[in-house]
Amino acid sequence: MPTHYNKYLISYHESSYNDVEEYEVPLYVTLEDLYNGCTKTLKVTRKRYDGCYLYYEDYFINVDIKQGWNNGTKITFHGEGDQSSPDSYPGDLVLVLQTKKHSKFVRKSRDLYYRHIITLEQSLTGFDFVIKSLDNRDIHIQIDEVVKPDTKKVIKNEGMPYSRDPSIRGNLIVEFDIIYPNTIKKEQKKLIKEIFKESY
């Protein structure tokens, strides 16, 4: 393992031969990886001894990312880290999941949050739109009610899967940003006032 990984050295645990070191290394994943599950292949360079002779070797690790795993989940590969000295056992390699920022979704526990931009007209008259899911499905959403700045639309079972049972999912929660017009003409103001006289 490269020497710069030494900054990830975090702890020791007892063994029958010597103390075994653990090396934490971040593994960056996307929300799509955590939603669908995947396998990643990593190239790792580790330090080894042959007697008193120090050498470095490259090897590959296959990492199975399970559906629904959380940010910060740790995956331990025993004996796959550096060997710190000729008379020590190889250390453990600990991969720590780090979720990359997504362009559309924000994960909060098992729920996914999505912000949708609409016009003032749409907020009053209704609209429909499509959200592309993390497994590339089209989720069709119809809004018929008046949308206020604090309105949230909850889509059941379209959030993140539970790692213990991926068939169970959290919710997709849609929040709205309403774009207001910069100016309104006098005639339009009069018309709006007439329309809203009977709306409250």
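Ser-109 is exposed in this predicted model, with a relative accessible area of 57%, and its place is in the loop between strand E7 (105-108) and strand E8 (111-119). The phi angle of Ser-109 is near 60°, which is a positive value in a residue other than glycine. The chain around Ser-109 has three helices and 12 strands, and the points below take up its confidence, its hairpins, two residues of strand E4, and the spaces found within the structure.

**Confidence and overall make-up**

- The mean pLDDT of the protein chain is 88, and 89% of its residues reach 70 or more.
- Over residues 1-18, by contrast, pLDDT stays under 50, although the model has 47 contacts for this stretch beyond four places in sequence.
- Of the 200 residues in the protein chain, 36% are buried.
- When contacts between residues at least 6 apart in sequence are considered, 55% of them join residues at least 24 apart.

**The hairpin of E3 and E4**

- Strand E3 (residues 38-50) and strand E4 (residues 53-65) run antiparallel and are joined by 13 bridges.
- Within this pairing, Thr-41 has Asn-62 of E4 as its bridge partner.
- Two residues lie between the strands of this hairpin, and Gly-51, in the turn, has a positive phi of about 70°.

**Two residues of strand E4**

- Tyr-59 has its place in strand E4, and because its relative accessibility is 11%, below the 20% under which a residue is called buried, Tyr-59 counts as buried.
- Leaving aside neighbours within four places in sequence, Tyr-59 is in contact with Leu-42, Lys-43, Val-44, Arg-46, Glu-80 and Leu-93.
- One of these partners, Lys-43, is 16 residues away from Tyr-59 along the chain, with 5.8 Å separating the two C-alpha atoms.
- Asp-58 also has its place in strand E4, but at 47% relative accessibility Asp-58 counts as partly exposed.
- Outside its neighbours within four places in sequence, Asp-58 is in contact with Lys-43, Val-44 and Thr-45.
- The C-alpha atoms of Asp-58 and Lys-47, which are 11 residues apart along the chain, are separated by 9.2 Å.

**The hairpin of E9 and E10**

- Strand E9 (residues 127-132) is joined to E10 by six bridges, and the two strands run antiparallel.
- Across this pairing, Asp-128 stands opposite Gln-142 in E10.
- In a regular strand the side chains alternate between the two faces of the sheet.
- Strand E10 (residues 138-143) shows such an alternation, with Ile-139, Ile-141 and Ile-143 pointing to one face, where they are buried, while Asp-138, His-140 and Gln-142 point to the other face and are not buried.
- Five residues lie between the strands of this hairpin, and Asn-136 is found in the loop between E9 and E10.
- The phi angle of Asn-136 is near 70°, a positive value in a residue other than glycine.
- Because its relative accessibility is 59%, over the 50% that marks an exposed residue, Asn-136 counts as exposed.

**The largest pocket**

- The largest pocket holds about 180 Å³ of space.
- Its lining is made up of Leu-120, Leu-124, Ile-184, Gln-188, Leu-191, Ile-192, Ile-195 and Phe-196.
- By residue class, this lining of the largest pocket divides into seven nonpolar residues, one polar residue and no charged residue.
- Helix H2 (120-125) and helix H3 (186-196) each supply at least two residues of the lining of the largest pocket, and the largest share, five residues, comes from H3.

**The cavity**

- A search of the whole structure finds one cavity of 30 Å³ or more, and the volume of the largest cavity is about 30 Å³.
- The residues that line the largest cavity are Tyr-35, Phe-105, Leu-112, Ser-133, Leu-134, Ile-139, Glu-158 and Leu-172.
- Among them is Ile-139, which is one of the buried side chains of strand E10.
- The lining of the largest cavity divides into six nonpolar residues, one polar residue and one charged residue.

Technical notes:
Residues numbered from 1 in each chain as written. Predicted model: local features only at pLDDT ≥ 70, side-chain atom pairs only at ≥ 80, totals over all residues. Heavy atoms only, no water. Buried < 20%, exposed > 50% of the residue type's maximum accessible area, 1.4 Å probe, protein only. Helix = DSSP H or I, 4+ residues; strand = E, 2+ residues; numbered from the N terminus. Pairing = 2+ DSSP bridges. 1 Å grid on protein atoms, 1.4 Å probe; cavity = no way out; pocket = protein on both sides within 12 Å on 5 of 7 lines; lining within 4 Å. Points joined across faces, edges and corners; volume = space filled by probe spheres on them. Nonpolar A, V, L, I, M, F, W, Y, C, P; charged D, E, K, R; others polar. pLDDT = per-residue confidence, 0-100. Contact = heavy atoms within 4.5 Å.
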